[in-house]
Structure formats: C-alpha cells, structure tokens
Amino acid sequence: MQFNIQGQQAYCYTGGKAFNPALPTAVFIHGVQNDHSVWALQTRYFAHHGFGVLALDLPSHGRSTGSPLQSVEAMAAWLFAVLDAAGVRQATLIGHSMGSLVALEAAFQNPDRVRKIAMVGTAYPMKVSDVLLDASKNDEQKAIDMVTIWSHSSIAQKPSFPGPGFYAMNGDLRLMQRIAQQHGERVFHTDFSACNAYANGEAAAQSVKCPVLFLLGKNDMMTMPRHAGTLVKAMPHAEMVQLDNCGHALMAEQPDAVLDTLFAFAKK
C-alpha cells in the first residue's frame with residue numbers, strides 16, 4: 001500500500017489483505033537498517049485474524065523514498081502522517097529496537113491516538129558504541145557483520161533454522177545489505193545516530209498511560225534486557241515477557257513465540 005507523504009512515496013505492507021481502517025489497526029515499526037519484511041509472519045497473522053495491518057517502511061528504507069529521518073521524534077511525527085493518510089484514528093503500535101523508541105515517542109506526542117504499545121528488543125538510553133557508530137559511517141559491511149553476530153543468540157545456527165528455507169543470520173545480513181544497495185550508506189549511520197541521540201525516553205515513558213508490553217530476548221547483546229530498566233521503572237503497569245534462546249533478532253529467532261505474545265497482547 002502506497003501513500004504520498006510530503007511528496008515522497010511511503011510504503012506499508014498490509015499482511016496480504018487489503019487494508020481496512022474500520023478494523024482495529026496494528027502498526028509495525030522496524031529497526032535500524034531494516035524494513036517491513038522483518039514482520040512477515042506476525043503481520044500476515046494479524047491481517048488474517050481481525051486486524052488492519054500497516055507495516056511501515058520508514059523513509060529511505062525498503063520501498064519508501066525520501067531521505068532518512070534524523071531523529072526518533074521526526075519518525076514518530078511521520079508515523080502520524082501515515083495514519084492520517086490511511087484514515088486511522090487510533091492504533092496499537094508494535095516497534096522493534098529503534099522502532100520501539102518510535103512507538104514510545106508517538107505515544108508521548110499524541111496519546112489519544114495510541115491504543116497500546118509493544119516494545120520489542122528495546123533499551124533506553126539506546127546508546128550505540130563508538131566502534132559501531134563509526135563503522136556504520138565509514139565501513140558499512142563491517143557494521144553489518146557486527147550487528148549480524150551480536151543480534152543472534154548463537155552463531156551455531158544451521159541453514160533451515162528455524163524452519164525449512166529459512167536461515168536467520170543470513171536473512172538479516174542480506175536485508176541490511178539490500179537496504180544499503182537501495183538507499184546508500186547514509187541510512188545505517190543516520191538510524192544509529194537517531195537512536196544514540198534520543199533523550200526523551202524517560203519523560204515519554206512517565207507520560208504513557210496506555211497498556212504496554214516489553215518483549216525482550218534473554219540473550220540480547222544489542223539491547224540487553226537490563227538496559228530496559230529505566231523504561232520498565234517508569235511504566236510500572238507494563239507487562240514483560242522474556243524469551244529463552246533469543247537475542248536481538250527476536251522475530252527471526254523465535255517467530256512463533258513473538259507472534260503468540262504480540263497477538264495475545266493486542267487482542268486483550
């Protein structure tokens with residue numbers, strides 16, 4: 001599904017069904033150097049079980065054009081422009097990593113339009129190491145390799161994990177390479193810089209009154225579960241689920257558990 005947002009093409013995957021704004025809407029927001037495809041299983045299930053689905057490609061990611069947005073705040077504002085274009089008044093926001101910060105900031109900017117938020121693989125502050133930040137700017141393949149290794153709970157995964165025709169680590173690696181080929185090297189560094197600079201997380205969390213889910217990987221080395229502590233403390237009403245044998249690439253490593261947890265939360 002395509003929208004024109006500020007003169008640029010904005011793409012949203014709708015889960016294999018035509019989008020119906022009359023249904024409860026679930027918005028999926030990807031992380032750094034990713035696109036809507038990281039939510040392939042979850043979005044299709046939601047779309048075929050009672051939800052209208054919008055899985056965003058943020059500007060300069062996947063099939064969306066324009067320049068990469070410089071801040072989490074700008075991404076949240078852009079999200080509402082997409083909702084306006086889609087005719088959606090209120091939505092459940094589900095974000096992974098950088099996308100989780102976008103969901104949080106959106107709930108802060110416009111709480112009446114956010115029904116629930118699910119923060120998958122999150123941390124705050126979401127600081128990026130100097131080594132990784134520099135690599136994302138000056139040696140992108142090195143940054144892609146580092147993120148691929150650090151995002152998975154094991155480097156011993158075999159081809160066909162977690163199912164026939166699927167290889168989690170190579171799938172993530174190729175997606176990041178593809179984003180670089182499509183949109184240039186500036187996307188990776190811009191995304192990481194936005195995560196690194198975001199400073200409104202604690203204030204935003206303290207303002208959130210809607211239901212919140214933290215979905216974390218116990219073996220996450222990119223956003224370690226303990227680094228979600230500031231947000232968890234600020235939102236004592238939030239639920240938390242931690243998945244075994246799972247790193248930062250939760251949707252790839254534990255797709256069924258991620259789906260079951262998100263759908264149960266969204267349907268309540």
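**Exercise 1. Find the residue in strand E2 that is the bridge partner of Ile5, and describe how the strands around this pair are arranged**.

Step 1. The bridge partner of Ile5 in E2 is Gln8. The model is a predicted one, in which local features need pLDDT of at least 70 and side-chain atom pairs count only at pLDDT 80 or more, while totals for chains, interfaces and linings use all residues. Residues are numbered from 1 along each chain as its sequence is written, and side-chain values use heavy atoms, with hydrogens and water left out.

Step 2. Strand E1 covers residues 2-5 and strand E2 covers residues 8-13, and the two run antiparallel, joined by four bridges. Here strands (E, at least two residues) and helices (H or I, at least four) are DSSP runs numbered from the N terminus, and two strands pair if DSSP finds at least two bridges between them.

Step 3. Between E1 and E2, which form a hairpin, there are two residues, and Gln6 in the turn has a positive phi of about 55°.

Step 4. E2 also pairs with strand E4 (residues 52-56), in the antiparallel sense and over two bridges, and in this pairing Tyr13 stands opposite Ala55 in E4.

**Exercise 2. Work out how many salt bridges a search of the whole structure finds, and place their residues along the chain**.

Step 1. The search finds three salt bridges, where the term means a side-chain nitrogen of Lys or Arg within 4 Å of a carboxyl oxygen of Asp or Glu. Side chains of opposite charge can pair when their charged atoms come close.

Step 2. Asp84 pairs with Arg113, with 2.7 Å between the closest N and O atoms. This pair links distant parts of the chain, since Asp84 lies in helix H2 (residues 72-86) and Arg113 in the loop between helix H3 (98-109) and strand E6 (114-120), 29 residues apart. Arg113 has a relative accessible area of 8% and is therefore buried; buried means under 20%, exposed over 50%, and partly exposed in between (1.4 Å probe, protein chains only).

Step 3. Lys218 forms a salt bridge with Asp244, the closest N and O atoms being 2.6 Å apart. Lys218 is in the loop between strand E7 (212-217) and helix H9 (229-234), whereas Asp244 is in the loop between strand E8 (239-243) and helix H10 (250-253), 26 residues apart. Lys218, at 42% relative accessible area, is partly exposed, and Asp244 is partly exposed at 45%.

Step 4. Lys268 and Glu239 form a salt bridge with 2.8 Å between the closest N and O atoms. Because Lys268 lies in the segment after helix H11 (255-267) and Glu239 in strand E8, the pair ties together parts that are 29 residues apart in sequence. Lys268 is exposed, with a relative accessible area of 59%, while Glu239 counts as partly exposed at 30%.

**Exercise 3. Locate Phe166 and decide whether this residue is buried, partly exposed or exposed**.

Step 1. Phe166 is found in the loop between H5 and helix H6 (168-183), and H5 itself covers residues 140-150.

Step 2. With a relative accessible area of 37%, Phe166 is partly exposed.

Step 3. Thr148 is 18 residues from Phe166 along the chain, and the C-alpha atoms of the two are separated by 15 Å.
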